[in-house]
Amino acid sequence: MDNNGQLSQDVKVDSKESAFYVDAAKYWEQVPPTVDGMLGGLSSISDIDLKGSQRFLNSLYQLVECPGKERALDGGAGIGRVTQGFLMKNFPVVDLVEQDKQFLDEAEKALEPTNHKGQFFNIGLQKFTPEACVYDIMWVQWVLGHLTDDDLISFFIRCKSGLKPKGLLVLKENLTSSGEVEMDSTDSSVTRPRALIIELIKKAGLRVIKEQKQQRFPHELYEVRMFAIQPV
């Protein structure tokens, strides 16, 4: 969750994009499939994170045009921490998308004793295309920094087709306070400022209908916000 440095526009060049994704995949291959591994050694914040997510989801069902409660997607699911700790408590069917096979295998193993119903997709979000019109909520958390701007816009556009008529795409992400994009060369990811996230959402033909800051995280961490977005 800790990113440093700057990202130039070079990540949009094909050769740079390839290295950007390859380096990230190599990094995550070395990370243990545990909650501590998923959270960069900050497993202590997991419960706070999940409770904050639940409160935000609850607020979405107070909206006049609220989504259904049948099927959700966990985008960048890792070992299924968000699915097991939060999404499964709200949706009878949860699908998981994760490009690291080791993490996805651990998710399947962890969810096997539960009443989990859903599919497991071993693919990166930059290549994932959801089935049309099936999801009430698509929850994408702490993974957008692994997509280039162009791929992120394309991903958002594909998500639109995967949503049911009242469905929502929910993003939960770190945001820089500097107003600049910051690069973490360790895991080959970027952290964007809020203004850029909003700009990319708009470019994809989506709009933010509700936004909330995650509370009670350590002050030394990036600000984390949740965005509920829908097609314009």
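User: Let's start with Cys133. Where is Cys133 found?

Analyst: Cys133 sits in the loop between β3 and β4. Keep in mind that this is a predicted model. At 42% relative accessibility, Cys133 counts as partly exposed, because partly exposed covers values from 20% to 50%.

User: And what about the backbone there: what is the phi of Cys133?

Analyst: Cys133 has a positive phi of about 55°, although it is not a glycine. Ser188 is another case to look at: its phi is near 55°, again a positive value in a residue other than glycine. You will find Ser188 in the loop between β6 (182–184) and β7 (189–191).

User: Is Ser188 buried or exposed?

Analyst: Ser188 counts as buried, at 4% relative accessibility.

User: Before going on, how do I judge the confidence of a model like this?

Analyst: Where pLDDT is low, the predicted coordinates should not be read in detail. Here the chain has a mean pLDDT of 93, and 93% of its residues reach 70 or more. The stretch to treat with care is residues 1–13, where pLDDT stays under 50. The model has 40 contacts beyond four places in sequence for residues 1–13.

User: Now helices, please. How many residues does α3 have, and how far does α3 reach?

Analyst: Helix α3 covers residues 46–60, which is 15 residues. From its first C-alpha to its last, α3 reaches 21 Å, close to the 21 Å expected at 1.5 Å a residue.

User: Which residues of α3 are buried?

Analyst: A general idea helps first. An α-helix has 3.6 residues a turn, so residues three or four places apart point the same way. In α3, the buried residues are Ser46, Ile48, Asp49, Leu50, Gly52, Ser53, Phe56, Leu57, Ser59 and Leu60.

User: What do those buried residues of α3 pack against?

Analyst: They pack against two helices, α2 (35–38) and α4 (81–85). Their partners also include the strands β4 (135–141), β5 (163–175), β8 (206–213) and β9 (223–231).

User: How do I describe two helices that pack together?

Analyst: Two packed helices are described by the angle between their axes and the distance between the axes. Take α6 (residues 149–162) and α7 (residues 194–203): their axes come within 8 Å and cross at roughly 50°. The two helices are therefore oblique to each other. The crossing of α6 and α7 is right-handed. On the α6 side, the contact is made by Asp149, Leu152, Ile153 and Phe156. On the α7 side, Leu196, Leu200, Ile201 and Lys203 take part.

User: How does the span of α6 fit its 14 residues?

Analyst: At 1.5 Å a residue, α6 should span 20 Å, and its end C-alpha atoms are 20 Å apart, which agrees. Buried residues of α6 include Asp151, Phe155, Arg158, Cys159 and Gly162. Asp149, Leu152, Ile153 and Phe156 are buried too.

User: Can we look at a loop residue that meets α6? Where does Gln126 lie?

Analyst: Gln126 lies in the loop between β3 (120–121) and β4. It counts as buried at 18% relative accessibility, because the cut-off is under 20%. Beyond its neighbours within four places in sequence, Gln126 is in contact with Tyr21, Gln99, Leu147, Asp151 and Arg158.

User: What can I learn from residues that are far apart in sequence?

Analyst: Compare the separation along the chain with the separation in space. Cys66 and Lys166 are 100 residues apart in sequence, with their C-alpha atoms 6.4 Å apart. Cys66 lies in the loop between α3 and β1 (71–75), and it is partly exposed, with a relative accessible area of 25%. Apart from neighbours within four places in sequence, Cys66 is in contact with Leu60, Tyr61 and Lys166.

User: How far apart in space are Glu223 and Gln126?

Analyst: Their C-alpha atoms are 24 Å apart, for a sequence separation of 97 residues. Glu223 is found in strand β9 and is partly exposed, with a relative accessible area of 31%. Not counting residues up to four places away in sequence, Glu223 touches Glu173, Asn174, Leu175 and Lys213.

User: One last residue: is His116 buried or exposed?

Analyst: His116 is buried, with a relative accessible area of 15%. Look for it in the loop between α5 (101–111) and β3. The C-alpha atoms of His116 and Val93 are separated by 6.9 Å, with their positions 23 residues apart along the chain.

How values were computed: Residues are numbered from 1 along each chain as its sequence is written. This is a predicted model: local features need pLDDT of at least 70, side-chain atom pairs count only at pLDDT 80 or more; totals for chains, interfaces and linings use all residues. Side-chain values use heavy atoms; hydrogens and water are left out. pLDDT is the predictor's confidence in each residue, from 0 to 100. Contact means heavy atoms within 4.5 Å. Helices (H or I, at least four residues) and strands (E, at least two) are DSSP runs, numbered from the N terminus. The expected span of a helix is 1.5 Å times one less than its number of residues. Buried means under 20% relative accessible area, exposed over 50%, partly exposed in between (1.4 Å probe, protein chains only). Axes are lines fitted to C-alpha atoms, for helices over the stretch in contact, and angles run from 0 to 180 degrees between N-to-C directions. Angles under 35 degrees count as roughly parallel, over 145 as roughly antiparallel, 65 to 115 as roughly perpendicular and the rest as oblique. A crossing is left-handed if the near helix is turned anticlockwise from the far one by less than a right angle, and right-handed if clockwise.
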